[in-house]
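Let's take a walk through this one, starting with the empty space and working outward to the strands, rings and cysteines around it. Have the model open beside you as you read.

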Amino acid sequence: MGSETPLDLWRAAAAADPARPFATVYDEATGGRVELSYATFDNWVAKTANMLVDGLGAEPGDRVGLALPLHWQSLVWLLACFSTGTTAVAGAPGAVPDCDIAVADPDRLPAALDTGAREVVGTSLHPLGAPLAECPPAAADYGVEVRGYGDRFAAAAIDPAAPAFEVPGDAAGGTDLLGAEIAAGASSGAELAESARLRLAEWGLASTDRVAVITAAGDPLTALGSRLPLLLAPLAGAVPLVVLPADDSANLQPRLDMERVTATAGARPGTPTLAGSFKPLT
């Protein structure tokens, strides 16, 4: 097993061309489009990592429960965990995992406050990162608090053998957006990075590609795979992501064309047949 970690993958990708789009996300509720460059996304990751350490007292090895659906903000939290040596723990749909620090969407925020986590953060999942409409006094409002933290994060050395991502038992089962079974277990940073490199080579992706992740409402982070290949393999090749809702079938094809997508994942049964030479990722 090598010494590379997801943080190394992110640093290399972000440094290659900071102004280039990293994540283009379509919001199902509003139909809006948000484009985040590597530099902008890195700013959110740094602020969130600083909030974790300086605001929430996170230390390497702490478990950060991500009771969040697949969203650009949940990707920020993943990379912030990888930056701080904490273990990102995926939440099953509607559930909050056992953790030291809980990060929850509005629907799960009351449950997060009852878990015994020493710190609880609520996030609105607003496409532009706006605050919660209402935040309980015992929780921190991510959209408010994170903006006060620094734009740079001085990461300490990350142990590549330490657990970096965990799929608890109640979040396992079913299939991810690649059609693979979602398996319970913890993966080290080195395992995640090595798996990403192997999948990148298998898919034959290059930085000139653009990968569309076609999601359904409420898809959990585990939809990216038990070792997060749909995030980390493109990251290993500095390949931009386009996150699109499958339910908006009338706009799916035009958006794929407009975004110059070259590869797709997550086209479930019932998705309209896509025209074009898109490479299906499995």
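The largest cavity holds about 30 Å³ of space, where a cavity is a set of points on a 1 Å grid over the protein atoms alone at which a 1.4 Å probe fits but cannot get out. For that volume, grid points are joined across faces, edges and corners, and what gets counted is the space filled by probe spheres set on the points. The search for cavities of 30 Å³ or more comes to a count of one. Its lining is made of V25, Y26, D27, H71, W72 and P127, with lining residues being those that have an atom within 4 Å of a point.

Before going further, keep in mind that this is a predicted model, so local features need pLDDT of at least 70 and side-chain atom pairs count only at pLDDT 80 or more, while totals for chains, interfaces and linings use all residues. Residues are numbered from 1 along each chain as its sequence is written, and side-chain values use heavy atoms, with hydrogens and water left out.

Now for the open space. A pocket is an open set of grid points with protein on both sides within 12 Å along at least five of seven lines, and the largest pocket has about 590 Å³ of space. Its lining takes in 29 residues, and D27, P69, L70, H71 and L125 are the ones that lie nearest its centre. You've met D27 and H71 already, in the lining of the largest cavity. β1 and β11 each give at least two residues to the pocket lining, and β11 has the largest share, with three residues.

What do those strands belong to? They sit in an open sheet of six strands with mixed pairing, in the order β2-β1-β11-β10-β12-β13. Strands (E, at least two residues) and helices (H or I, at least four) are DSSP runs numbered from the N terminus, and two strands pair if DSSP finds at least two bridges between them. At the edges, pairing on one side only, are β2 (33-37) and β13 (279-280). Strand β1 (residues 21-26) runs parallel to β11 (residues 241-245), joined to it by three bridges, and T24 faces V242 there. With β2, β1 pairs in the antiparallel sense over five bridges, and P21 stands opposite S37. Six residues lie between the strands of that hairpin, where G31 has a positive phi near 75 degrees.

Stay on β1 and look for rings. Rings of Phe, Tyr and Trp (its six-membered ring) pair if their centres lie within 6.5 Å, with planes under 30 degrees apart counting as stacked, over 60 as edge-to-face and the rest as tilted. The whole structure has eight such aromatic pairs. In one of them, F22 meets F41 edge-to-face, at 4.8 Å centre to centre and 70 degrees between the planes. That pair ties strand β1 to helix α2 (residues 38-55) across 19 residues. F22 counts as buried because its relative accessibility is 1%, under the 20% limit (exposed is over 50%, partly exposed in between; 1.4 Å probe, protein chains only). F41 is buried too, at 0%. Ring pairs link both into a cluster with W10 and Y38.

Last, the cysteines: how many disulfides are there? The count is zero, a disulfide being a pair of cysteine sulfur atoms within 2.5 Å. The cysteine sulfur nearest to that of C81 belongs to C99, 10 Å away, and C81 is buried at 0% relative accessibility. C135 is partly exposed at 27%, and its sulfur can't bond because the closest cysteine sulfur, in C99, is 16 Å off.
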